[in-house]
Amino acid sequence: MAPTTASGKYVIPSNCGASAPALRFNKLGENLITAVKGGDITMLSFWVRGTNAASTENKVTVSGLNASEAWEKLSEVAISTTGRVVTLPVEKGFRAIKLEYTGSAGGTYPIAVDDITISGGEPSSVATIIDALNVGNVTAYEVKGLDPVHTYSYTVTATDGSGLSLPSLPVAVTLDANTGGIESVTPDEGVSITGGEFITIVGTDADATVFTPQGMTVYHGPRRTITLPAGLYIVRVGGNVAKVIVRR
């Protein structure tokens, strides 16, 4: 999953492209940035829909990361309450793409963005940025059909049946051509995140962010002991994400 400041996700089919989920941009300035590629990107495609009339007064601004490591505006895409696929050719010299919700209509006027795909970056490559796989109620899942000597990035999103949590931080894995297995996984080590009467964090000075299962942020900051009402929470600290229960 690409880095994003999106407020959350949609699971309603009318607010999603080919399949759920889709990103939800609630406010101006929220954005998504693709990974920086090793070569020039040649094509960008994405699905977008404004969820109310006010959102159609705004735009999706598409920018490219140029050789000077600066963002250069490539296009402004109009927003409609009818979902549509936008396909844009990208000139040479850009190795990352940013989609940003921009315009003059402030407040909360959500739009849905989905099915973001870039072509190029490496010879004959197509990178799918948003691609969801529903694996069911499991604690482990085997992903098949992967190519050796490639690096894959994974995030995990939880659901309670009525909505989706925010995604975990991505974990990168590299396949070993000799074994067909995973060569390396790089989460943080030595970090403990536990529940109980409080949420307790040990082994890191990184700021903690705590979410409800619906993706609402209820705390962000440096505290190592966090007091919250009883319930289930998702805690993100550095490269670690844990599900904890607060009991009162």
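**Exercise 1. How many bridges join strand 15 to strand 18, and in which direction do the two strands run?**

Solution. The model is predicted.

Step 1. Strand 15 covers residues 199–202, and 2 bridges connect it with strand 18 in an antiparallel arrangement.

Step 2. One residue pair may be located directly: T200 has T225 of strand 18 as its bridge partner.

Step 3. Strands 15 and 18 belong to an open sheet of 3 strands, whose order is 14-15-18 and whose pairing is antiparallel. Strand 14 (192–194) and strand 18 (225–226) each have a single partner strand and stand at the edges, so one side of each lacks a neighbour in the sheet.

Step 4. In general, the strands of a sheet pair through backbone hydrogen bonds, whether parallel or antiparallel.

**Exercise 2. Describe the secondary structure, burial and contacts of the protein chain as a whole.**

Solution.

Step 1. The protein chain contains 20 strands and 0 helices.

Step 2. Of its 248 residues, 38% are buried.

Step 3. The accessible area of the chain is about 13,400 Å², and 52% of this area is supplied by carbon and sulfur atoms.

Step 4. Among contacts with a separation of 6 or more, 60% are between residues 24 or more positions apart.

**Exercise 3. Identify the salt bridges and assign each participating residue to an accessibility class.**

Solution.

Step 1. Searching the whole structure yields 3 salt bridges.

Step 2. In one of them, D40 pairs with R95, and the closest N and O atoms lie 3.7 Å apart. This pair links distant parts of the chain, with the two positions 55 residues apart in numbering: D40 is in the loop between strand 3 (31–33) and strand 4 (41–50), whereas R95 is in the loop between strand 7 (84–89) and strand 8 (97–102). D40 is partly exposed because its relative accessibility is 29%, and R95 is likewise partly exposed at 39%.

Step 3. E76 forms a salt bridge with K73, with 3.4 Å between the closest N and O atoms. E76, at 45% relative accessibility, is partly exposed. K73 has 52% relative accessibility and therefore counts as exposed, the cut-off being over 50%.

Step 4. K98 forms a salt bridge with E100, where the closest N and O atoms are 3.9 Å apart. K98 is buried because its relative accessible area is 14%, which falls under the 20% limit. E100, at 22%, is partly exposed.

**Exercise 4. Is T61 buried or exposed, and which residues does T61 touch?**

Solution.

Step 1. T61 lies in strand 5, which spans residues 59–65.

Step 2. The relative accessibility of T61 is 8%, so this residue counts as buried.

Step 3. Leaving aside residues up to four places away in sequence, T61 touches K73, S75, E76, K98, L99, E100 and T102.

Step 4. With T102, the side chain of T61 makes a polar contact of 2.6 Å.

Step 5. The contact list of T61 includes K73, E76, K98 and E100. Of these, E76 and K73 form a salt bridge with each other, as do K98 and E100.

**Exercise 5. Which residues form a nonpolar patch on the surface, and where is V143 found?**

Solution.

Step 1. The patch consists of V135, V138, Y141, V143 and Y154, which together have about 400 Å² of accessible area.

Step 2. V143 is placed in the loop between strand 10 (126–128) and strand 11 (151–154).

Step 3. V143 counts as partly exposed because its relative accessibility is 35%. This value satisfies the requirement of over 30% for a patch residue.

Key: Residues numbered from 1 in each chain as written. Predicted model: local features only at pLDDT ≥ 70, side-chain atom pairs only at ≥ 80, totals over all residues. Heavy atoms only, no water. Patch = residues over 30% accessible without salt bridge, like charges linked within 9 Å, V, L, I, M, F, W, Y side chains within 5 Å. Areas by Shrake-Rupley, 256 points an atom, 1.4 Å probe, with all protein chains shown as cover. Salt bridge = Lys/Arg side-chain N within 4 Å of Asp/Glu carboxyl O. Helix = DSSP H or I, 4+ residues; strand = E, 2+ residues; numbered from the N terminus. Buried < 20%, exposed > 50% of the residue type's maximum accessible area, 1.4 Å probe, protein only. Polar contact = N/O pair within 3.5 Å; in protein donor to acceptor, adjacent residues only side chain to side chain. Contact = heavy atoms within 4.5 Å. Pairing = 2+ DSSP bridges.
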